[in-house]
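Open the model in your viewer and turn on the cartoon display. The stops below go from strands to helices to a single residue.

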Amino acid sequence: MNEIVISARNLTKHYRVGGGTLAGQGKVVRAVDGVTLDIRERETFALVGESGCGKTTLGRIMLRLQEPSGGQISYRGQDITALDDAGMRALRKKLQIVFQDPYASLNPRMRIEDILAEPLRTHGYGSAEVIRDRCAELLDMVGLRHTYLRNYPHQFSGGQRQRIGIARALANKPDFVVCDESVSALDVSIQAQVLNLLSDLQDELKLTYFFITHDLSVVRQFADRVGVMFLGRLVEVGRTEDIFAGPLHPYTMLLISAVPRADPRQRTRERPLMTGEIPSPMNLPPGCRFHTRCPFAKDICRTHDPDLQDMGQGRAVACHFPLNS
Ligand SMILES: Nc1ncnc2c1ncn2[C@@H]1O[C@H](COP(=O)(O)OP(=O)(O)OP(=O)(O)O)[C@@H](O)[C@H]1O
């Protein structure tokens, strides 16, 4: 098995909201609420779940772009949770992120060469000439012409801008890249091209991806493993083909059954529906946090919060009554 690149242990991120100056005032949003996970070298791990379940927050705290409230993150066996700014700066080269909206994340007043050169200069990549050559090489890597180096972001299409966002993330030769909804804003055909590019770059540069998305059809074609998140917790983890062939958690089953199917015979099959509102991460229900929406909930689900249990073969589920097992 490949080496573990990133290891998260009981990670939490709780935001205090609603103001208040006295202790105890305000409310707490449990955006990430106890996540334990290992990501191995050269794998694509997809994190899925509905909007607001904590995907972006988890991605950002794993890179320490935001500080976790609790728990531990290790990078290749080194605990990075308590590293100071200088220690983190050195590691930053290895841990990168590609954002959803490349337009918002590329400075409109900077030429592409400066956008790409900025992280290289920050990390002392080399002389001006070495940096210029690297910028040209980066454009090559993402399939764009060198002549584009003098252009500004608004002169590019959405797909091209995302390629520039990827080039910028790869500038300092990272090995762990969080892709946060990196293809979600693109048309399906452009999405496929960018996914192919990410896949080629992964092989060429031995990259490990943490791929955040709400789009299960992208997950199915692109990810090796999947983590399903619900209200700050992982409720199921497994290999992509196993998860799609037989989800163990009712939430995973409902997410999968909500994906439109290409085969019209399957479309007519009756599907169970997700009922009820998503509880607020500020006011979690007792017991299993999914029980208010679960079609199979029993008494114990209303009182006892299930742990993520190892089911063997790389599979884990947090449910008192796993399906298909
Ligand atoms: N800075 C913040 N202060 C307070 N609450 C926050 C903050 N950032 C995120 N949250 C809350 O934390 C929860 C998780 O948010 P997060 O953006 O991580 O979810 P997500 O799954 O990535 O959603 P989306 O797919 O919509 O981006 C949400 O309830 C969100 O409102």
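Select residues 176-180, strand β7, together with residues 208-212, strand β8: the two run parallel and are joined by five bridges. Keep in mind that this is a predicted model. Within this pair, pick C179 and look across to β8, where its bridge partner is F211.

Now add the helix at residues 158-170. This is α6, which packs on the sheet and touches β6 and β7. The direction of α6 makes about 175 degrees with that of β6.

Next, show the whole sheet. It is open, has eight strands with mixed pairing, and reads β6-β7-β8-β3-β9-β10-β12-β11 in order. Which strands stand at the edges? They are β6 (95-98) and β11 (309-312); each has a single partner strand, so one side of each has no neighbour in the sheet. From one strand to the next, the twist averages 20 degrees.

Select residues 55-62 for helix α1. This helix lies across β3 (44-48), β7, β8 and β9 (225-230). Against β8, helix α1 runs at about 150 degrees.

The last stop is Q202, in helix α7 (residues 188-205). Beyond its neighbours within four places in sequence, Q202 is in contact with R42, T44, L207 and Y209. Is Q202 buried or partly exposed? It has 17 C-beta neighbours inside 10 Å, and burial takes 20 or more, so Q202 counts as partly exposed. To finish, draw a C-alpha to C-alpha distance from Q202 to H249: the two are 30 Å apart in space and 47 residues apart in sequence.

Note on methods:
Residues numbered from 1 in each chain as written. Predicted model: local features only at pLDDT ≥ 70, side-chain atom pairs only at ≥ 80, totals over all residues. Pairing = 2+ DSSP bridges. Helix = DSSP H or I, 4+ residues; strand = E, 2+ residues; numbered from the N terminus. Axes fitted to C-alpha atoms, helices over the stretch in contact; angles between N-to-C directions. Contact = placed C-beta atoms within 7 Å. Buried ≥ 20, exposed ≤ 12 C-beta atoms within 10 Å, placed from the backbone.
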